[in-house]
There are 2 protein chains.
Amino acid sequence: MTKVYVSGVGITKFGKRKESLQTLMYEAYVHATKNQEQEFDAIFVGCMNPDEFVGDSNFATLIADHLGLYQTPSVRIDNAPASGSAAFEQAFFSVASGHYEKVLVLAGEKMSIFPTSIATRILSKLIDKYERNTGATMPALAALVTRRYMHDYNLSREELALAAVKNHHNGTLNPYAQFQKEITVEDILKSKMIADPLRLYDCASISDGACAVILTASKTDVKVTGIGHATDFLSLQYRDSLTSFNATKVAAKRAYKRAHRQPKDIDVAEVHDAFTILEIVNPEDLGFFKPGEGVAALIEGKTGLNGDKPINPSGGLKARGHPVGATGLAQICEIVWQLREEAGKRQVPANIGLCHNIGGFVNNNIVTILESC
Amino acid sequence: MTKVYVSGVGITKFGKRKESLQTLMYEAYVHATKNQEQEFDAIFVGCMNPDEFVGDSNFATLIADHLGLYQTPSVRIDNAPASGSAAFEQAFFSVASGHYEKVLVLAGEKMSIFPTSIATRILSKLIDKYERNTGATMPALAALVTRRYMHDYNLSREELALAAVKNHHNGTLNPYAQFQKEITVEDILKSKMIADPLRLYDCASISDGACAVILTASKTDVKVTGIGHATDFLSLQYRDSLTSFNATKVAAKRAYKRAHRQPKDIDVAEVHDAFTILEIVNPEDLGFFKPGEGVAALIEGKTGLNGDKPINPSGGLKARGHPVGATGLAQICEIVWQLREEAGKRQVPANIGLCHNIGGFVNNNIVTILESC
């Protein structure tokens, strides 16, 4: 297998953006290429639902055309909110195979065109049809998980809020984050109820944004050492547990095996905190902490910027924002900056980093391990 | 690069089907696996627009779950009507890289739920927004190409109809084809006008259907020897020509180079005849005939089942039907059957076959070469 390295990475500021989705991708592309003209063997576009969010199909062609990458092969990858890391995964295969030498991965979503009610309806199609027809939404499923975790591990509402407090703090140090302000436990507990016990500030935002990553067979300072991918039942009711997710555990196991690493080797991780409860559950499923101990790690600051297992230094989905298709690639950008010591005020010591991206409601997950070299 | 081989292939009957899209994919999967339980390292799902056609997002997970392929990585590939061959291409990379040993490619679309007017509106999002806003539809663009070809090469309306006559004849020999009846030039010229000069029988149908292909690193009797992929400007107005398409020519050149083959080496081809004019233009762009000579080849029977360059023995998109996401993989199934001498009454002599799949209006094309071994 050809070794695969990361060259340039780029990102736009996340948030409500006026520009078109293709213009956001162009902005990320210019950032990743440092505005130098480059040729690519192919383009892999991670985007969940341009057909409905922006009204364009044939989106891979639109992007190749808009970027002026004439005749370059281009394909769109949809893995629900794990589309960004899935595009990275497919691009990885294409370089690892020797078929291509240098490829461009783009990922993005523009979700803010519609009011939140319509965006929520579009997002609800991610859920199993039978659960959806009972009125379930993504926050409703996350609320079920939260209640169960509270019951099983005596998590309090105030402790849960600390996940958002931490990530908003990190977001203040990330110039690309949608939210760059501190919030308090009180702010969270006063915010609008979305799905009991989850309030507005427990949920990642509707957002716009894009990222770009260049993968190459030529050696650079960052190597892709392991990718693991796993699915689970679409419907939440059939899962083994409500407080631990097989799609994460199996994807992580596969990634660790390929990278010849263990959870203790990971210096920094970006995990998919679409809801505050996932900031606690994901690190447990990734093997960083035992079941039920994720909350203590959070309270004790182990997952903070000065802790020994920093999680979501970027601010995570909560503060960086969550343009669904972009998120997985935004995690990879952050880990690359951390490995290159280019993360500014949110820099942590790191030679080995991990990204964890969730598709659907925790049923199609991808774990990617990147290392300095 | 690890060599990649085709193991099982399967297909459903195309046409208006009552079953859900996931049930159609399951039917194709059972056909490909001969109803034997098998394990796969990953699933690659080619489907253009399940979000709008069937109202399900997170479709890759839905399929893994519906097929009972528990925890198997699954990803959806969208390349407009070239989604089937794009899923095959990504699956190819994953095996060629050595990352996976045996993977399942599924492709399908269910388009018949809505009336044709709504399906046409969904399909029109494939076109550049500015052209679309002038009222352009896919048949309207194909009509422009047809008029220009008629002007440049003295193609008559009656000669054009022969493409559909030929493919409908082939369709009568294909038990999976949507249309299994002969049609005459007169039938075509009497059919409803869609976009002058194209009539109903010049256009591929709205259809439902699915296909499955198993790719493996273990040697079988059919090898994937070359894949080429190229894009072109999204908008038709910027293309070099209206009667010859760079996305086909460049994709073909790349596929021939990888397979170390030339157009003359190809024994049989499936080409993307979404409109009758493309049955004439595509073989020219693939290098089988000189510009303007595709029509003579058709009239003289060179592209018929008894000709020396049989094109679309399956009946093509015209008679087999065109459930957009399925088409590219249906072409691959047909070529595999031809190479294995399993094509029944439509069998032609073949050791080397080619598939040509178009995304958008001829702007994101994939050419795949398969060979007996």
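**Group meeting: strand β10 and the two-fold**

Okay, let's start with a strand pair: β10 of chain A and strand β11 of chain A, residues 364-372, run antiparallel and are joined by 8 bridges. Keep in mind that this is a predicted model.

If you want one pair to find your way on screen, look for I352(A), which stands opposite E371(A) in β11(A). Then go to the turn. The hairpin of β10(A) and β11(A) has 4 residues between the strands, and G360(A) there takes a positive phi near 60°.

Now, β10(A) has another partner. Strand β9 of chain A, residues 268-270, runs parallel to β10(A), with 3 bridges joining the two. For a marker on that side, E270(A) stands opposite C355(A) in β10(A).

So how many residues of strand β10 of chain A are buried? The strand covers residues 352-359, and 7 of its 8 residues are buried, so to speak of it as mostly covered is fair.

Okay, zooming out to the two chains. In general, two copies of a chain are related by a rotation about an axis and a shift along it. Here, a turn of 180° with a shift of 0.0 Å along the axis lays chain B on chain A, and the RMSD is 0.0 Å. That's the relation of a two-fold axis.

Where's the axis? Try S97(B): of the residues of chain B, its C-alpha comes closest to the rotation axis, at 1.7 Å.

Last bit, the interface. 100% of chain B's interface residues are interface residues in chain A too, so the copies meet through the same surface. That's it from me.

Definitions and conventions: Residues numbered from 1 in each chain as written. Chains lettered and ligands numbered in written order. Predicted model: local features only at pLDDT ≥ 70, side-chain atom pairs only at ≥ 80, totals over all residues. Least-squares fit on C-alpha atoms with pLDDT ≥ 70 in both. Contact = placed C-beta atoms within 7 Å. Buried ≥ 20, exposed ≤ 12 C-beta atoms within 10 Å, placed from the backbone. Pairing = 2+ DSSP bridges.
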